[in-house]
Amino acid sequence: MNTFVIAGGDISPVEPEITVPEVSESTGSFYAGLGYSYINLDGKGADEIDGDATLLLAGYNFNQYIGVEDRYAGLTVCLENSAIYLKPMYPIGDTTVYGLLGYGETTYDNGDSYSESGFQWGLGASYAVTENIGVFADYTNLYDDSGFDGGTSADVTVDSINVGVTYTF
């Protein structure tokens, strides 16, 4: 007993200080964009049709790795497409590479109207110019199968190359 009295000091245990990291309420973000889309319809053995289109898009990023996106390309050409995509992403600094996996409908209307819907996919990259403004470029395969709404029995491929700007809210 004398040892504690002579040594002095506090003999009660000292509890370590615990730091709790701050967690933000939401990691998700809405965004909208506007761009240019070059759409190409290539019917093997038939005429190739090219067109310029306006691209409108809106999406929601659940976090930095996954999001959903809705796109419409049209307004200025006889080819148009509307689709919804699951968007897996991988950030590398201010650049993000992403894929697009979804379902959409492609329409060709030049007097006679033809349309097909099905699986669509794409690959692209975006760059954050500022915290809210970004630019992107991507390739999207809109249709790749035989026939196009009964208009032809040949293999038909429809794809697009897109560039544009996005604003994150």
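Modeller: Before we start, contact here means heavy atoms within 4.5 Å. The model is a predicted one.

Colleague: Which residues is L79 in contact with, leaving aside its neighbours within four places in sequence?

Modeller: L79 touches I39, L41, I49, A73, G74, T107 and Y108.

Colleague: And which residues have the most contacts inside the largest nonpolar core?

Modeller: Those are I39, L41, L79 and V158, in a core of 21 residues. Strands β1, β2, β4, β5, β7 and β8 each supply at least two residues of this core.

Colleague: What is the mean pLDDT of the protein?

Modeller: The mean is 85, with 83% of the residues at 70 or more. Among the elements, strand β3 (residues 66-74) has the highest mean, 95, and helix α1 (residues 2-7) the lowest, 56.

Colleague: Changing topic: how many aromatic pairs are there in the whole structure?

Modeller: The search finds five. One of them is F30 with Y60, with ring centres 4.6 Å apart.

Colleague: Why does that pair count as tilted?

Modeller: The planes of F30 and Y60 are at 55°, and the tilted class covers angles that are neither under 30 degrees nor over 60. The pair links distant parts of the chain, with F30 in strand β1 and Y60 in strand β2, 30 residues apart.

Colleague: Is F30 buried or exposed?

Modeller: F30 is exposed, at 55% relative accessible area. Y60 is partly exposed, at 21%.

Colleague: What about Y167 and F169?

Modeller: Their planes are at 75°, so that pair is edge-to-face, with centres 5.2 Å apart. Y167 is partly exposed at 40%, while F169 is exposed at 64%.

Colleague: Last one: where does K87 lie?

Modeller: K87 is over the face of Y98, 4.4 Å from the ring centre.

Conventions: Residues are numbered from 1 along each chain as its sequence is written. This is a predicted model: local features need pLDDT of at least 70, side-chain atom pairs count only at pLDDT 80 or more; totals for chains, interfaces and linings use all residues. Side-chain values use heavy atoms; hydrogens and water are left out. pLDDT is the predictor's confidence in each residue, from 0 to 100. Helices (H or I, at least four residues) and strands (E, at least two) are DSSP runs, numbered from the N terminus. A nonpolar core is a set of buried Ala, Val, Leu, Ile, Met, Phe, Trp, Tyr and Cys residues joined through side-chain atoms within 4.5 Å. Buried means under 20% relative accessible area, exposed over 50%, partly exposed in between (1.4 Å probe, protein chains only). Rings of Phe, Tyr and Trp (its six-membered ring) pair if their centres lie within 6.5 Å; planes under 30 degrees apart count as stacked, over 60 as edge-to-face and the rest as tilted. A charge sits over a ring if NZ of Lys or CZ of Arg is within 6 Å of the ring centre and within 35 degrees of the ring normal.
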